[in-house]
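Student: I have a structure to read and do not know where to begin. Could you take me through it, one feature at a time?

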Amino acid sequence: MYKTVEKILLEFDPEPRNILPVLNKLSANFGFINEGEAQKVADYFSVNLTKIYETASFYDLLQTKKEPPLVVKICSGGNCATENAFKILGVCERFLGVKAGDDFNPKKKIEIVSCLGKCAEGPIMIVNGKIFEKVKPEKVSEILEKYI
Amino acid sequence: MAELKIITENWGKINPQKIEDYLHTGGYTALQKYLKEINPFDHLREIQEIKISGLCGRGGAGFLTGQKIEAVFKEKSAEKYFICNLDESEPGTFKDRMIAENNPQLLLEGIIILSLIVKAQKAFIYLNGNFEKAKELLEKAIADATEKNFLGENILGSKWSLEIEVFQGAGAYICGEETALINSLEGNRGEPKHKPPYPTQSGFLGKPTFINNAETICNIPWIILNGGKAYSQIGSKCSPGTKLYSIGGAVARPGLYEAPTGITIAEAIDLAGGIKKGKEFWFAQIGGASGKLVLEKDLGERLEYSRDCKIPCGSGAILVVDKSVDIHEMLLSWTGFFRRESCGKCVPCREGTFRLFEIAKRLQDGEISERDEKAIQDILFILDNTTYCPLGKFAGVAFKDALENFRDQIFKKEKS
C-alpha cells in the first residue's frame, strides 16, 4: 500500500506509456482518482489535467468517483446468462432496492460487468471485491446479508 | 493417431512457477536451435518456415502470421516493437488466460523467437486488467528467464538483446483491437485509429510494431523445432494447426480443449462431454458475444478460418444454449455488452448499441411497439455497414441471427 501519490510516481519514468499503469495503481490504492491527485500526475507527465481525466474516464477499472461502501458486480457474459445471471440480478435489485447502473445512492451500487473469463465457474457475483462462483438465485440474499 | 497437442501438452504436469520444469520438458530448445542456425544477415528462412506452416492469427480475424511477420521484417527502422495481445475479454473465451497461468514460459519462448526474427528490442505483454494471477506468474517467469539468460542482454551469448514488460490494461474490450491497444499503451483513450497505416508500418510511437495473439505465439516454438511443413499437415487445409476451444454452457464438462482446426461443431461439443444430462440442445454460439448462432442443422459445419466459411471460428469460444434459457436474457447479455464496451468514437456504434440495448430491455418487459420492430432493422443495417471499427460491425450479428430464427419467441411475450 502507498500513502501518497508521490510514492507511486517515484516508481515510474515520466513517459506517456506509464500514464495508464500509474492511474491503475492510483485507483487500486486510493479507491478512486480525485482531482488533486490527478493534477499531480498531470504535472509529473507534463500534460493537461484534462488529458489525465480523458484517459481515466475511458477505462472500466479506473474510478473517478468515490465508490459506495457496498458494490455488487454481476457478470453478464453469455455463459453466465445461460446460468441465471439475470435472475440473480433481479434478486439483488429487489433485495437492495437499487437498480443496476444507478449511482445516485451513496450507500450501495449494483453494476453489470462484462465477461471476466471465469466462464466455467459461472455465474459470477463480486461483492466488494470478493468473488463468488456458481451462485444460485436462492443463495443471493444469504450472501448479501453479511455485507449490510 | 493420438491427439496431437502443441500448446496444452504439458499443462498440469509442470509447475508454472518453475522454469526448471519447463526446461525438463524440452523448453527453450527451439530458441537454442534458432540461435545456432541463425544467419545474421538473413532471417528469411525462419520467415519462410512460418509462411509454409500457414499459421494464422488465433485472435479472431485469422490473418496469416507469415505475411504479417514479413511486412514488419521488411520495414527499415532501427527501432521496432513487439506486442503480445493478452487483452482477452471476448465473453466466453478464456484460452489466453489459461496459457499464461499454465505455461507462461512457452509464451515467453515464442515472444523471444518472434522478436529476434523481426529485430525488436522491446516486447510488451498487454494483459487484461482483471488477470491478477496471470500477471504475477508472467512477471515471475520473466525474472526467471532473465536469470537464465534467455532474456535480457546478449541472449545465450549471441549479440541480440530483448526486454519484456508486462503492461496491464484497465478493462476495455476494444483494446483487443490492435490500433486501440497501441493507443492505450501510449497512455491515451483506447479508441481505434484509422488503418492504413497498419501497425506493421507505424504502430507504437510511430515505429513498426508486430502484434500477435498469445495463442498464435505459442505455436512458434513447435514450428521452429518441427518445421513449417509438418505444421501445415495438421488440421484443415486453409488454416492448419491446432486451436484452443473454450466450451461452455449446457455441456457436461465445460472447459478448455485443444483440437485440430477443421473439426465440426458437433465434434467440438463432444470434446466437452456432449450436452448436459436432462438438457435439450437449442442453439450454439461460436466466437463469443460477436459470434453467429448455430442451429442443429448446421452442427456439421467445420471450425476454421477462411473467407468463405459459413460460421467464422472467431476466438474459438463455443457457448451451448439449451431450451430452458430465455432468449430475452441472451439478447440483454449481448446488447448490454456492446453498449458498455462501445468506445464512443463513432456515432453509429455509440448510438446503435445503446438503442439496441433499450429495445432488448423493452422486449424483456413485453412493451415492444410497432415502431421498435421497424427500428431494429435500421439499426442492424447501420451497425453492419457504417461503423468505424469491427466492434460495431459485430455488435448486431447475434441479434440478427436470433431475430431470423426465433422471431416468434422474441416478440411473443406477455406484458409482465
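**Reading one residue, then its surroundings**

Tutor: Start with a single residue, in what is a predicted model. A residue is called buried if 20 or more other C-beta atoms lie within 10 Å of its own. Tyr173(B) has 28 C-beta neighbours inside 10 Å, so Tyr173(B) counts as buried.

Student: Where is Tyr173(B) placed in chain B?

Tutor: Tyr173(B) sits in the loop between β3 (163–168) and α8 of chain B.

Student: Which residues is Tyr173(B) in contact with, leaving aside its neighbours within four places in sequence?

Tutor: They are Ser114(A), Ser89(B) and Glu341(B). Sequence separation can be set beside distance in space as well: Tyr173(B) and Cys343(B) are 170 residues apart in sequence, yet their C-alpha atoms are 8.9 Å apart.

Student: One of those contacts was in chain A. How many residues does each chain bring to the contact between the chains?

Tutor: In general, the size of an interface is often given as the accessible area lost when the parts come together. Here we count residues instead: chain B brings 39 and chain A brings 27. On the chain B side, α8 (178–185), β5 (242–249), β9 (317–322) and α13 (327–341) each supply at least two residues. The most come from α13(B), which gives 8 residues. Sorted by class, the side of chain B that touches chain A holds 15 nonpolar, 17 polar and 7 charged residues.

Student: How do I read a pair of helices, such as α2(B) and α6(B)?

Tutor: Look at the distance and the angle between their axes. For helix α2 (residues 29–36) and helix α6 (residues 104–118) of chain B, the axes come within 9 Å and cross at roughly 15 degrees. Angles under 35 degrees count as roughly parallel, so α2(B) is roughly parallel to α6(B). The crossing of α2(B) past α6(B) is left-handed.

Student: Which residues make the contact of α2(B) with α6(B)?

Tutor: From α2(B) they are Ala30(B), Leu31(B) and Tyr34(B), and from α6(B) they are Glu109(B), Ile112(B) and Ile113(B). By class, 5 of these residues are nonpolar, none is polar and 1 is charged.

Student: What is the mean pLDDT of chain B?

Tutor: The general rule is that where pLDDT is low, the predicted coordinates should not be read in detail. Chain B has a mean pLDDT of 91, and 98% of its residues reach 70 or more. Among the elements of chain B, helix α3 (residues 44–53) has the lowest mean, 88, and strand β1 (residues 81–86) the highest, 96. For the model, ipTM is 0.93 and pTM is 0.93.

Methods
Residues are numbered from 1 along each chain as its sequence is written. Chains are lettered from A and ligands numbered from 1 in the order in which they are written. This is a predicted model: local features need pLDDT of at least 70, side-chain atom pairs count only at pLDDT 80 or more; totals for chains, interfaces and linings use all residues. Two residues are in contact if their C-beta atoms, placed from the backbone, lie within 7 Å. Helices (H or I, at least four residues) and strands (E, at least two) are DSSP runs, numbered from the N terminus. Ala, Val, Leu, Ile, Met, Phe, Trp, Tyr, Cys and Pro count as nonpolar, Asp, Glu, Lys and Arg as charged, and the others, Gly among them, as polar. pLDDT is the predictor's confidence in each residue, from 0 to 100. Axes are lines fitted to C-alpha atoms, for helices over the stretch in contact, and angles run from 0 to 180 degrees between N-to-C directions. Angles under 35 degrees count as roughly parallel, over 145 as roughly antiparallel, 65 to 115 as roughly perpendicular and the rest as oblique. A crossing is left-handed if the near helix is turned anticlockwise from the far one by less than a right angle, and right-handed if clockwise. A residue is buried if 20 or more other C-beta atoms lie within 10 Å of its own, exposed if 12 or fewer, and partly exposed in between; C-beta atoms are placed from the backbone.
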